[in-house]
Amino acid sequence: MFQSTRDGAGCDQIYTLDLADKTAKKVSSGKGRTTCAYFLPGDQRILYASTHAAADDCLPNPDRSRGYVWKLYPEFDIYTAAADGSDIQPLVTGPGYDAEATVSPTGDAIVFTSTRDGDPELYKINIDGTGLVRLTNTRGYDGGAFFSPDGKRIVYRANHPEGEEELKAYDDIIKEHLVRPTRLEIFVMNADGSEQRQVTKNGKANFAPFFHPDGKRIIFSSNQGDPKGRNFDLYLIGDDGQNQEQVSFSDTFDGFPMFTRDGKHLVFASNRGAKTHGDTDVFLAEWVD
């Protein structure tokens, strides 16, 4: 499952890909922006965020006069649908940005990012949308979370401003629903939000963390190897922050890595071999430890 601007779309729509015949099928409605799709347990229903309730169009792009920023559109809500895209049902709604939802491998919980309390924090709900719990409370952006294979821990990315100058710069743009992701670190915590601990400490843009099936290592994308900060490669690191190793060595963007549950394959997105500059494709690779 992936998001794409293929077929002339003005903003991302959600697609499923059949690995047997490589056919892609659009499963979102085509209205609004969409992001962050995931299969629910049993693969009969899907989960994704969309702005379609607010507008049929894509809504304005983020204001890049403020530099490279992400926009946390408050119009995003989280929906479920049948695997073919039919029967769209709201799951998480309300004021503020609700997106970046992923599902525990144990099938009982969902973690997502929301600005419902004013700051982008992580929240957890039961698979049916009940039992909302706030997990993070540090000023700054917390998001992009995934559960560990046993569902007992969560890995995520965070930008926590330090010092008065950084806090003021953060406050100035978060009021406009913007965050600046030029410095992101990887964190882990228990699934109830306890024992939050920083894993990376390099001051670079580290994002898209995902647990290795052994539950002890984390794969993520980072620009730490490029002095100019433009090229992203994949890295593997222990959940204690030790024994980091570089996984990919492309001269262009590699990101969004995820392991299959048996650990035999890695799927990721990359600009390598792009037909047009900046095109991002999905790659599948055999994984050998």
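A residue is buried when its relative accessible area is under 20%, exposed when over 50%, and partly exposed in between (1.4 Å probe, protein chains only). The structure here is a predicted model, where local features need pLDDT of at least 70, side-chain atom pairs need 80 or more, and totals for chains, interfaces and linings use all residues. Residues are numbered from 1 along each chain as its sequence is written, and side-chain values use heavy atoms, with hydrogens and water left out.

Q: R272 forms a salt bridge with which residue?
A: A salt bridge here is a side-chain nitrogen of Lys or Arg within 4 Å of a carboxyl oxygen of Asp or Glu. For R272, the closest N and O atoms of the pair are 2.7 Å apart, and the partner is D254.

Q: How many residues apart in sequence are the parts that R272 and D254 tie together?
A: Strands are DSSP runs of E, at least two residues long, numbered from the N terminus. R272 lies in the loop between β23 (265-270) and β24, while D254 is in strand β22 (residues 254-259), so the sequence gap between the parts they tie together is 18 residues.

Q: Is D254 buried or exposed?
A: Its partner R272 has a relative accessible area of 29%, so R272 counts as partly exposed. D254 comes out at 0% relative accessibility, so the word for D254 is buried.

Q: Which residues are joined into one network by salt bridges that share partners?
A: R134 and E121 meet in a salt bridge (3.3 Å, N to O). R134 is in strand β12 (residues 133-134) and E121 in strand β11 (residues 121-126), so this pair ties together parts 13 residues apart in sequence. R134 is partly exposed, with 32% relative accessibility, whereas E121 is buried at 1%. Sharing of partners gives one network, made up of D117, E121 and R134.

Q: Which residue meets R45 in a salt bridge?
A: R45 sits in strand β5, and its partner is in the loop between β7 (77-82) and β8 (89-92), 42 residues away in sequence. R45 is partly exposed at 24%, and the partner is partly exposed too, at 44%. The N to O distance is 3.0 Å, and the partner is D87.

Q: Which cysteine does a disulfide join to C11?
A: A disulfide is a pair of cysteine sulfur atoms within 2.5 Å, and the count here comes to one. C11 is buried, with a relative accessible area of 4%. The S to S distance is 2.2 Å, and the other cysteine is C58.

Q: Why does C36 have no bond to C11, and how far is its sulfur from that of C11?
A: C36 is partly exposed, at 23% relative accessibility. C11 holds the closest cysteine sulfur, but that is too far for a bond, because the distance is 13 Å.

Q: How many residues does the largest nonpolar core have?
A: A nonpolar core is a set of buried Ala, Val, Leu, Ile, Met, Phe, Trp, Tyr and Cys residues joined through side-chain atoms within 4.5 Å. In the largest one, L47, I78, I110 and I218 touch the most other members. Apart from it lies another core of 12 residues, including L135 and F187. The number of residues in the largest core is 48.

Q: Which strand holds T16?
A: T16 is buried, at 14% relative accessibility. Leaving aside neighbours within four places in sequence, T16 is in contact (heavy atoms within 4.5 Å) with residues including M1, F2 and F39. T16 is found in residues 13-17, which form strand β2.

How values were computed. Helix = DSSP H or I, 4+ residues; strand = E, 2+ residues; numbered from the N terminus.
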